[in-house]
Amino acid sequence: MALDKITTVQGTAVHVPGSDVDTDRIIPARFMKCVTFDGLGGYLFYDVRKHEDGSDKEHPLNNPRFKNATVLVAGSNFGCGSSREHAPQAIYRYGFRALIAESFAEIFFGNCTTLGIPCVVATGDDIKVLAAAVEADPALAVTVDVEQCRVFFGDQSFTVHVPDSARDSLISGRWDPIADLLESMDDVSARMQELGYSA
Amino acid sequence: MGNGKSLFEKVWDGHAVRELSNGQTQLIIGTHLIHEVTSPQAFGMLRDLGLKVRFPERTFATVDHIVPTDESKEPFSDPLADAMIRELRKNAEDFDITYFDLSTGKQGIVHVVGPEQGITQPGTTIACGDSHTATHGAFGAIAFGIGTTQVRDLLATQTMAMSKLKVRRINVDGQLPPGVYAKDVILHIIAQLGAKGGIGYAYEYGGEVVDNFTMEERMTVCNMSIEGGARAGYVNPDDTTFEYLKGRPYCPSGDAWDATVEKWRAFASDPDTVYDDVVNIRAEEVAPSVTWGISPDQGFSVNGTIPRPEEGETPAEQESIREALEYMKLTPGTPIKGTKIDVAFIGSCTNGRLSDFREVARFIKGRKVADGVKAIAVPGSQIVAKLCENEGIDQVFRDAGFDWRRAGCSMCLAMNPDKLIGDQLCASSSNRNFKGRQGSPTGRTILMSPLMVAAAAIKGEVSDAREVFELTACATA
Ligand code: SF4
C-alpha cells in the first residue's frame with residue numbers, strides 16, 4: 001500500500017495562540033456522537049469559535065483573511081487531555097496539513113503522525129516571527145520541510161525539531177502503521193494458531 | 001535468583017511478532033472488543049482501504065456508551081444514538097462479528113460482558129477502544145485501551161504497534177476494616193501514587209488482600225489502573241479466577257478444561273520475578289474514600305478535611321487545588337462529610353456488577369433515599385440486571401427510592417440522556433470526576449464505593465457508610 005511520502009507541506013498559515021490547548025477544546029465531546037469522522041472539520045474549536053446561538057466569536061479561524069490556511073501555528077503543549085482521535089481528525093478535515101507548535105502532547109502527536117499530519121516543534125521566538133509575518137501578509141507562502149527540518153516563509157527560515165521515528169515514517173511514506181503490520185500476516189496467522197486463538 | 005518472569009513479560013513475549021521499523025513491537029491482540037462510539041470510524045477506514053476483518057471470530061461487539069437506560073423501544077428518541085447503534089449492528093453483520101445486541105439478553109458494558117461470557121481469559125492480550133479495558137487484567141490478561149486507528153489495525157491484522165511497559169508490583173497486605181471495599185483500595189492507591197504515577201507502567205496487584213478478593217473485586221481494582229496513569233493493570237490468575245470462568249460460554253469445557261487451567265496457571269508471575277518497582281500498601285490504612293477534586297487522585301478518607309491551596313507542595317499543585325475547589329464549590333478547611341448531594345449513581349464498569357448491588361441491597365432494605373435526591377441504579381449488563389431481579393434486589397432498590405434502569409454506561413459519561421443538570425453534585429460509583437464528565441459543563445462528581453453512594457443517597461449528604469449502616473466494628477479511620 002503506497003502512501004504519499006510527506007517531505008514538505010506548502011501553503012498559507014494561521015496562528016492560533018495560547019498554550020495547553022486540550023483535545024476537548026479542539027473538538028468538544030458532544031460532537032463524538034457520529035459514525036464517521038467526515039463532518040468533524042466543521043466543529044473544530046467549536047466552543048471557542050461559536051456563541052451558543054451559533055454565531056461567530058472572534059477567532060483566527062473565523063477571520064476571512066486566513067480562510068484557506070493549511071498550516072496551523074500554535075503554542076506549547078498543544079493537544080493535551082483525552083486521547084480522542086477525533087481531535088487530529090477534525091484538524092485534518094478542516095483542511096490543515098501540517099502543524100507548527102512550541103510542543104505537542106504525546107498521544108496527540110502520535111495520532112497526528114499516524115494520519116500523516118507532520119507536527120514540527122519550533123522555539124517560541126521563531127513562532128512569534130512567523131506569526132507576525134503571517135499577520136502582515138496572510139497570503140505569504142509557508143513551507144514546512146519535514147525532510148530538512150526547516151520552515152521557510154518569504155525570505156526567512158528557521159530550524160524545527162521532528163523526532164527521528166516520525167520524520168522517517170513521514171518521508172518514507174510509512175506514517176500509517178497498517179502497511180507495516182500487514183506485511184507479516186503469515187507469521188501472525190501461525191502465531192494465532194500456536195496461541196490457541198484460531199483454529 | 002531473579003530470573004523469573006512476570007506475567008506481563010510472559011504474555012508480551014508470547015504475543016510479540018517482530019520489531020517494526022520505528023522500534024515499536026508488532027503485538028498480537030488475541031481478543032478485540034468493540035462498542036458503538038469508537039468503532040464505526042474504524043470500519044469506515046477499513047472499507048476505504050478495501051480491507052477485511054482478518055480474524056472476525058476474535059472481535060466481539062456490544063453497545064453500552066450511548067444506549068438509553070430508560071427506554072427499550074427502537075428507534076430511540078436520540079436519532080444520533082440510534083444511528084450509531086444501527087451502524088454497529090450493520091458492521092457486525094457485514095463483517096461476521098459476534099454482537100451481543102440489545103435483543104440477546106447479553107448486552108452490557110463491554111468490560112462487564114467480556115468476563116461474564118468467559119471471553120476474558122488468563123494469559124491473553126485484549127484491547128478495546130476504551131481506556132477502561134484494563135478491567136480484564138483481573139483475569140491475568142494484558143488489556144489495553146486504544147485509539148480508533150488502532151481499532152482499525154486490529155480489525156485488519158489482529159495486531160498493533162506498541163512499546164513495552166515496565167511493571168510495578170503493588171502489594172496490599174493485612175485486613176481491610178469493615179465498610180472498606182475494593183473501590184476504596186484503588187482510590188487509596190491512586191491518591192498515594194498520583195494520577196500520572198503509573199505512566200509507562202503496567203500495575204500488577206497482589207498481596208493478601210488482593211489474593212482474597214473475589215473476581216468482581218479484582219475487576220474494580222484493575223478497572224481504575226488508567227486513573228492512576230497505568231496503561232494496564234492485572235492480577236495473577238489463581239483458583240478464584242478459574243472457578244469464576246468454569247462453565248462460562250466461551251471457556252473450554254469437558255476434558256479440555258483441566259489442561260487449560262494448567263496452561264493458565266503457568267502464566268502467573270514467577271516467585272523470583274524482579275519488578276521495575278514495588279509498592280506496599282497496608283490494608284488497615286485504607287478508609288472509605290471519596291474524591292474532593294476534579295482528578296481521581298484528589299481523594300482521601302471520608303473523614304478528611306478539604307485541603308487548602310496553601311497545602312500544595314509546589315505552585316502548580318497549589319493552583320490545581322485552587323482550580324479543583326473552585327469548580328467543586330467546596331470550602332477549604334471544612335470536612336467533606338456533610339456536603340449536600342443532588343444525585344446518587346450506582347453503576348459503571350467499575351461498580352455495576354451483581355456483588356455491588358447485592359452488598360448495597362443488604363443495607364438499604366427498609367431505608368429511603370433523602371428528599372430531593374435523585375438516585376439511579378444502572379446494572380452493568382442485562383445479565384447482571386437479570387441476576388439482581390431474580391434475587392429481588394431491583395425491588396429493594398425501588399422500595400428505597402432508586403430508579404432501577406436498563407444496562408449501560410449511563411451517567412458514567414452521560415452520552416445518553418442520563419446527565420447532571422447545572423452544577424448538581426453527584427455521589428458516584430463510577431471512575432472519573434473530570435470537569436463536565438457527567439454531562440453538564442458545570443456538574444460535579446464525588447467518586448466513592450457503592451455503599452458510600454447509598455449512604456449519601458439516604459442522608460442527602462456525603463456520609464460515612466460505617467456510621468449510617470452501623471458497621472460498628474470500627475468507628476473512624
Ligand atoms: S462505564 Fe464509564 S468508564 Fe466504563 S466503559 Fe462505560 S463510559 Fe467507559
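Here is a walk through this structure, from the meeting of two chains to a few local details. Keep in mind that the model is predicted.

Let's start where chain B and chain A touch. On one side, 46 residues of chain B take part, and they are in contact with 31 residues of chain A. Together the two chains bury about 3,000 Å², and carbon and sulfur atoms account for 63% of that area.

What holds across this interface in terms of charge and polarity? The rule finds three salt bridges between chain B and chain A. In general, side chains of opposite charge can pair when their charged atoms come close. If you'd like one to look at, try B:Arg18 and A:Glu183, whose side chains meet in a salt bridge at 3.5 Å, N to O. There are also 19 residue pairs in polar contact across the interface of chain B and chain A, with both residues at pLDDT 80 or more.

Which elements of chain B give two or more residues to the side that touches chain A? The helices are α1 (7-15), α2 (40-48), α3 (79-94) and α5 (148-157), and the strands are β1 (16-19), β2 (25-28) and β8 (159-162). The largest share of this side comes from α5(B), which gives six residues. Sort the chain B residues that touch chain A by class, and you get 19 nonpolar, 17 polar and ten charged.

Now for the open spaces. The second largest pocket has a volume of about 510 Å³, and 21 residues line it. Closest to its centre are A:Arg93, A:Leu115, B:Met45, B:Asp48 and B:Arg152, so you'll find names from both chains in that list. Among the elements that each supply at least two residues of this lining are α3 (86-94) of chain A and α2 of chain B, and α5 of chain B is another. Helix α2(B) gives the most to the lining of the second largest pocket, with five residues. By class, this lining has ten nonpolar, six polar and five charged residues.

There is an enclosed space to look at too. The structure holds one cavity of 30 Å³ or more, and the largest cavity contains about 30 Å³ of space. Its lining is made up of B:Ile186, B:Ile189, B:Ile190, B:Leu193, B:Gly194, B:Tyr203, B:Tyr205, B:Met224, B:Ser225 and B:Gly228. Two elements of chain B, α6 (182-193) and β10 (201-206), give two or more residues to the lining of this cavity. The largest share, four residues, comes from α6(B). What about the classes in the lining of the largest cavity? Seven residues are nonpolar and three are polar, with no charged residues.

Step back to the whole structure, and a search over all chains finds 35 salt bridges. One of them pairs the side chains of A:Glu135 and A:Arg65, at 3.0 Å from N to O. A:Glu135 lies in helix α5 (residues 124-136) of chain A, while A:Arg65 is in the loop between α2 (46-49) and β3 (71-73) of chain A, so this pair ties together parts that are 70 residues apart in sequence.

Finally, here are two details of the backbone. In chain B, a cis peptide bond joins B:Glu74 and B:Pro75, with omega at about -5 degrees. You'll find B:Pro75 in the loop between β4 (59-62) and α3 of chain B. Over in chain A, A:Phe45 has a positive phi of about 55 degrees, although A:Phe45 is not a glycine. Look for A:Phe45 in the loop between α1 (23-26) and α2 of chain A.

Technical notes. Residues are numbered from 1 along each chain as its sequence is written. Chains are lettered from A and ligands numbered from 1 in the order in which they are written. Side-chain values use heavy atoms; hydrogens and water are left out. Contact means heavy atoms within 4.5 Å. Buried area is the accessible area (1.4 Å probe) that two parts lose on being put together, summed over both. A salt bridge is a side-chain nitrogen of Lys or Arg within 4 Å of a carboxyl oxygen of Asp or Glu. A polar contact is a pair of N or O atoms within 3.5 Å; within protein, one must be able to donate a hydrogen and the other to accept it, and residues adjacent in sequence count only if both atoms are side-chain atoms. Ala, Val, Leu, Ile, Met, Phe, Trp, Tyr, Cys and Pro count as nonpolar, Asp, Glu, Lys and Arg as charged, and the others, Gly among them, as polar. On a 1 Å grid over the protein atoms alone, a cavity is a set of points where a 1.4 Å probe fits but cannot get out, and a pocket is an open set with protein on both sides within 12 Å along at least five of seven lines; lining residues have an atom within 4 Å of a point. Grid points are joined across faces, edges and corners, and a volume is the space filled by probe spheres set on the points.
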